[in-house]
Amino acid sequence: MEKKLDELIVHFSESHTDLTISLGADFYGNGIKVTKTIPLQKFSDKEKGEIEGKIQGNEGIKLSSLSTTLIKKIKDNLF
C-alpha cells in the first residue's frame, strides 16, 4: 500500500482552488494519466497550511510526504 501512495502526486490546480491528485504520465498525448480534484474547501485552514507548506509553486509532491491525517482525508475523498 505504501508503495502505491508513493506513485500518487499531489499539486494545486492552476486556479489554486483545488487539490489535484494524479497517477501515471501523459507525454504529448501518449500514455495514461488519471487525475482527481478535491476542492480546498474540504480542508481546514491548518490542513491547507500544511499542504501549502509542502507544495512549492505548482510542483507536485508525493502523497506519502503529507501527514497521516491528510493522507487519510485525501484517500477518503478519492473513493
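A residue counts as buried when its relative accessible area is under 20%, as exposed when the value is over 50%, and as partly exposed in between. The legends below use these words for a predicted model.

**Figure 1. The whole chain contains three helices and four strands.** Read from the N terminus, the order of elements is α-β-β-β-α-β-α. The protein has 79 residues, and 28% of them count as buried. About 5,400 Å² of the protein is exposed, with carbon and sulfur atoms supplying 53% of that area. Among contacts with a separation of 6 or more, 45% join residues that are 24 or more positions apart.

**Figure 2. The salt bridge of Lys73 and Glu47 joins two helices.** The two side chains meet at 2.8 Å, N to O. Lys73 belongs to helix α3 and Glu47 to helix α2 (residues 45-54), so the pair, 26 residues apart, links distant parts of the chain. Is Glu47 buried or exposed? Glu47 counts as buried because its relative accessibility is 15%, and the limit is under 20%. Lys73, with a relative accessible area of 26%, is partly exposed.

**Figure 3. A salt bridge within helix α3 pairs Asp76 with Lys72.** This is one of two salt bridges in the structure. The distance between the side chains is 2.9 Å, N to O. Both residues sit in helix α3, four residues apart, which is about one turn of the helix. Asp76 is partly exposed, at a relative accessible area of 49%.

**Figure 4. The largest nonpolar core holds 16 residues.** Leu19, Phe43 and Ile74 have the most contacts inside this core. Two or more core residues come from each of β1 (9-12), β2 (18-24) and α3 (68-78). Helix α3 gives the largest share, three residues. In soluble globular proteins, nonpolar side chains tend to be buried together. Setting aside neighbours within four places in sequence, Leu19 is in contact with residues including Val10, Phe12, Ile38, Phe43, Ile51, Ile55 and Ile74.

**Figure 5. Ile38 is a buried residue of strand β3.** The strand spans residues 33-39. The relative accessible area of Ile38 is 1%. Which residues touch Ile38, apart from neighbours within four places in sequence? Ile38 is in contact with Asp18, Leu19, Ile21, Phe43, Ile74, Asn77 and Leu78. One of these residues, Leu78, is 40 residues from Ile38 in sequence, and the two are 8.0 Å apart in space, C-alpha to C-alpha.

Technical notes. Residues numbered from 1 in each chain as written. Predicted model: local features only at pLDDT ≥ 70, side-chain atom pairs only at ≥ 80, totals over all residues. Heavy atoms only, no water. Buried < 20%, exposed > 50% of the residue type's maximum accessible area, 1.4 Å probe, protein only. Contact = heavy atoms within 4.5 Å. Areas by Shrake-Rupley, 256 points an atom, 1.4 Å probe, with all protein chains shown as cover. Core = buried A, V, L, I, M, F, W, Y, C linked by side-chain atoms within 4.5 Å. Salt bridge = Lys/Arg side-chain N within 4 Å of Asp/Glu carboxyl O.
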